[in-house]
Structure formats: C-alpha cells, structure tokens
Amino acid sequence: MRIRDDRAQDEPEINLVPLIDVILVLIIFFVITTTFDSRSMLQLQLPSATGEPVAAQTKALSVLVNADGHYFVDEHEVLRTDIDALKQTLTQVAGDDRQRTVLLRADARTPHQAVVTALDALGQLGFRKISIATAPESKK
C-alpha cells in the first residue's frame, strides 16, 4: 500500500490581502491628517516697532533695497545686484570704518533673497552694528 504525500505539491504563496489592507489604512490616515491649504492661508505681516529713535554719534550708513532688488548705499546706486558689486560699493562709501552703524531699509515687496544678500555682504565686510528699519505701528 502506497501512501500519497500531498505536501510536495503545495506551493508556497504570499497572501497580499492583509498587506493591501494595511497600505490602504496608511493612505487614508495620511490623507486625513495632511493639510493641503495651510501655505495659501498663511498671511504675513511686516514687522513694526514702537519706540523713540536713538540719536547716533555718527551718521549711519544707509543701505536701501527697493522692490526690484536693486541696492542703494547712501546716495550711490549699485549697478549690479550681485554680492561682489554690493561689497565694492560698501567699501567705497564706508572706507575702513567698520564700527559705523548700518541702517538696512527694504521695501515691503523686496524679495527675501535681496535682503539676505545685503546682510551677507555687510557681515563679510565686518560690519557688526546693523539695524533693520521698520514701519511705525499703524493706529487702528
């Protein structure tokens, strides 16, 4: 009498149904917990400050950044918008006086990169007394 062994014919298989269920639960979790419109709802207000202006001993070096990202150092316009041109103009206007206070004024519509470039140029040249001009707080 011969006993037949059916185990040899069974092929191993991977059941994908539980894996698909877990993936669907994860997708639903991420869709529900994700906020899609948080960036469009973010509203920024420009900084404002109250207080009295402090009288400086020497005239502050004025660096103006307009809405187009062009730089003006005192009355001198920087012809290019790269950091090297700005550093060259700052060196010509300020000379060797790195202890001089710098007043950085930027238009509200100025690209953030232009302001960071101005701060970077001032830092590379050794200016440490940098003030950022703000608009006075509006009365409501």
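S62 sits in strand β2 of this predicted model. Its relative accessible area is 16%, so S62 counts as buried, the cut-off being under 20%. Leaving out residues up to four places away in sequence, S62 touches F72, V73, D74, L103 and R105. With R105 there is also a polar contact, side chain to side chain, at 3.4 Å. One of the other residues touched by S62, D74, has a quirk of its own. D74 is found in the loop between β3 and β4, and its phi is near 50 degrees, a positive value although the residue is not glycine. For comparison, most residues other than glycine have a negative phi.

Stepping back to the whole protein chain, the secondary structure comes to four helices and seven strands. Read from the N terminus, the elements go α-α-β-β-β-β-α-β-α-β-β. The chain has 140 residues, and 18% of them count as buried. What share of the contacts with a separation of 6 or more comes from residues 24 or more positions apart? That share is 67%.

Strand β2 belongs to an open sheet of five strands, laid out in the order β4-β3-β2-β5-β6 with mixed pairing. At the edges are β4 (76–77) and β6 (130–132), each of which pairs on one side only. Going through the pairs, β2 and β3 run antiparallel and are joined by three bridges; V63 stands opposite V73 of β3. Between β2 and β5 there are five bridges, and these two strands run parallel. Here L64 is set opposite R105 in β5. The pairing of β5 with β6 is parallel as well, with three bridges, and L103 faces S131 in β6 across that pairing. As a general point, the side chains of a regular strand alternate between the two faces of the sheet.

Helices come into the picture next. The strands β5 and β6, together with α4, make a right-handed β-α-β unit.

L104 gives a view of this unit from the inside. It is found in strand β5 and, at 2% relative accessibility, L104 counts as buried because the cut-off is under 20%. Not counting residues up to four places away in sequence, the residues that L104 touches are V63, V65, V115, A118, L119, S131, I132 and A133. How far apart are L104 and I132 in sequence and in space? They are 28 residues apart along the chain, yet their C-alpha atoms are 4.8 Å apart.

Now for the largest nonpolar core, which has 19 residues; L61, Y71, L86, L90 and F127 are the ones with the most contacts inside it. Two or more residues each come from β2 (61–65), β3 (71–73), α3 (83–94), β5 (102–106) and α4 (112–125). Which element gives the largest share of this core? The answer is α4, with six residues. F127, one of the residues with the most contacts in the core, is in contact with L61, A94, D97, R98, R100, V102 and L122 once its neighbours within four places in sequence are left aside. That list takes in L61, another of the residues with the most contacts inside the core.

Last comes T110, in the loop between β5 and α4. Is this loop residue buried or exposed? T110 counts as buried, because its relative accessibility is 12% and the cut-off is under 20%. Its side chain has a polar atom 2.9 Å from the backbone oxygen of D107. A polar atom of the T110 side chain also lies 3.1 Å from the backbone oxygen of N66. N66 turns up again among the contacts: with neighbours within four places in sequence set aside, T110 is in contact with V65, N66, A67 and V115. Two of these, V65 and V115, are also touched by L104. So the picture comes back to β5, the strand where L104 is found.

Conventions: Residues numbered from 1 in each chain as written. Predicted model: local features only at pLDDT ≥ 70, side-chain atom pairs only at ≥ 80, totals over all residues. Heavy atoms only, no water. Core = buried A, V, L, I, M, F, W, Y, C linked by side-chain atoms within 4.5 Å. Buried < 20%, exposed > 50% of the residue type's maximum accessible area, 1.4 Å probe, protein only. Contact = heavy atoms within 4.5 Å. Pairing = 2+ DSSP bridges. Polar contact = N/O pair within 3.5 Å; in protein donor to acceptor, adjacent residues only side chain to side chain. Right-handed = clockwise from strand over helix to strand, strands pointing away.
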